[in-house]
Amino acid sequence: MRKYNVAVVGVTGAVGEEILRVLEEVDFPVAKLVPLASANSVGKDVVFHTERVAVKELTESAFAENDVEIALFSAGGSISAKYAPYAVEAGAVVIDNTSHFRMDSDVPLVVPEVNPEDIDSWQTRGVIANPNCSTIQMVQALKPLDDKYTIQRVDVSTYQATSGAGKKAMEELVTQMREFFEFKLDESVHEAFAHQIALNVIPQIDKFMESDYTKEEEKMVYETQKILHRNIEVSATCVRVPVLRGHSENVTITFENPVDASEARDILRNSPNIVVVDEPAESNYPMPIVATEKNETFVGRIRRDIYRDNMLHLWVVADNLRVGAATNAVRIAEKWIERGE
Ligand SMILES: NC(=O)c1ccc[n+]([C@@H]2O[C@H](COP(=O)([O-])OP(=O)(O)OC[C@H]3O[C@@H](n4cnc5c(N)ncnc54)[C@H](OP(=O)(O)O)[C@@H]3O)[C@@H](O)[C@H]2O)c1
C-alpha cells in the first residue's frame, strides 16, 4: 500500500494531539510524519508509533521542504488562511479543522458517513473542510433519519465541553475547580469564556451575530444545510457546560412523514459509526463519560413527541476532539485515498 508524507499543523494542541492518536490507531499509511506548530514548540517532541519526532516551526516553506502530501490543519482559522495555500502549492491536499474554508462554495464540507461523494471536488481549491464539532455528531444522526422520513426542521440545544475551546480552556475549568476547594473561586480569573465555567452553564459560544444567534449556532444552521444539500430549517442554542470532553445535544426533529420510535432506533443502530444506547429503565443512555476517547456517536432517549407523530426527540453525545475533529479529519483522509485521491 502506498504511504504518504503527512503534516499535522497545530500538533501540540488539543485536536492536533488527538489526530496523532487516531492516525496511530487506524494505522494510517504514513511514510513521514511532519509535526508543525508555532515557534514556541520548537524543541518539543511528539511520540508517533513509539518514535520521537521533533516538532518543527510552521513556515511558508515547511510543506515543500518536507514533500508533504496530506496536511491536517488545526491551529486556528487565521493560520489556515495564511498557510493552507502554501501546502496546496506544494502539492498537498489540505484537510482543515478550522472554520476558515467551511462555507466557501468551492470547498467541500465533509462528514464521511454523510456526504463522502463531496470529496471528489477537492481539487478546485485543494482543500477539504471539516465541519464544526457540534454539526458533525448531529448530521451523523440526522442523515439516516432524513433518508427515511424527510426532515423539515431541526431544533437543537447543545451542552458543549470546555475542550471545544482548546487546551487552555480545559485548564481554566480544572483551575477553577481547584480554586473552589481552596475557597478562592471568588478571585478566579476567566479568559477562555465570558464567565466562570466551574459550577456554571454559559449560554454563549463564540460571539453574538446580527441574528441574535451566536456564531457557533449559525455554524450549526448553515453547515448542516451545506452537508445535507438541503435548506432544512435549523435552530440551535449552544451552551458551554463544565465538562472536559464530550459534547451532548438534545435534538428535536420535525419530519414530513410520521415517525416510529422503534423503527428510528433500528435505523440508527444500522447506521455507520452510531451506537444506540437507549435503555432508560436501566438508566442507560449516552453521556460524555461514555463517549470520551471513542470514535462513535452515541444516541439515546429516542422518543416520539407526545403531541405530534412527525416529531422525534434524540440525545446525541460524541467526543468533540475525536468525532468532532480528529477522527472526522482522518476519515476524510482515508476516503480521499479510497476515492482515488
Ligand atoms: N477543540 C475542538 O473540539 C475543535 C473541534 C473542531 C475544530 N477545532 C478547531 O481546531 C483549531 C485548533 O483547536 P484546538 O482546540 O486544538 O486549540 P489549542 O489546543 O489551543 O491548540 C492550538 C494549536 O495551534 C498551534 N498554533 C497556534 N498559533 C500558531 C502559529 N502562529 N503557528 C503555528 N501553530 C500555531 C498551537 O501551537 P503551540 O503549542 O506551539 O502554540 C497548537 O498546536 C481551532 O481552529 C478550532 O476551532 C477545535
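Two strands count as paired if DSSP finds at least two bridges between them. Helices (H or I, at least four residues) and strands (E, at least two) are themselves DSSP runs, numbered from the N terminus. Residue numbers start from 1 along each chain as its sequence is written. The model you are looking at is predicted: local features need pLDDT of at least 70, side-chain atom pairs count only at pLDDT 80 or more, and totals for chains, interfaces and linings use all residues.

**Exercise 1. Find the partner of β1 and place both strands in their sheet.**

Step 1: Pick out β1 (residues 4-9) and β2 (residues 30-37), which pair in the parallel sense over six bridges.
Step 2: Check one bridge: V8 has P35 of β2 as its partner.
Step 3: Now widen the view to an open sheet of six strands, in the order β5-β2-β1-β6-β7-β8, with parallel pairing. Its edge strands, β5 (56-57) and β8 (127-129), each pair on one side only.
Step 4: Look for the helix across this sheet. Helix α9 (residues 322-338) lies across β6 (70-73), β7 (93-96) and β8, and runs at about 150° to β7. Contact here means C-beta atoms, placed from the backbone, within 7 Å; axes are lines fitted to C-alpha atoms, for helices over the stretch in contact, and angles run from 0 to 180 degrees between N-to-C directions.

**Exercise 2. Describe the hairpin of β3 and β4.**

Step 1: Strands β3 (residues 45-48) and β4 (residues 51-54) are antiparallel, joined over four bridges.
Step 2: F48 faces E51 in β4.
Step 3: Two residues separate the strands, and H49 in the turn has a positive phi of about 50°. For comparison, most residues other than glycine have a negative phi.

**Exercise 3. Sort P286, T150 and D212 into buried, partly exposed or exposed.**

Step 1: Recall the cut-offs: buried needs 20 or more other C-beta atoms within 10 Å of the residue's own, exposed 12 or fewer, and partly exposed falls in between, with C-beta atoms placed from the backbone.
Step 2: P286 is buried because 25 other C-beta atoms lie within 10 Å. This proline sits in the loop between β12 (274-276) and α8 (288-291); among the residues that P286 touches are V277, F298 and W315.
Step 3: T150 is partly exposed because it has 13 C-beta neighbours inside 10 Å. T150 is in the loop between α4 (133-149) and β9 (151-160), and its phi is near 60°.
Step 4: D212 is exposed because 7 other C-beta atoms lie within 10 Å. D212 belongs to the loop between α5 (167-181) and α6 (215-228), with a phi near 75°.

Note on methods:
Two residues are in contact if their C-beta atoms, placed from the backbone, lie within 7 Å. Lists of a residue's contacts leave out its neighbours within four places in sequence.
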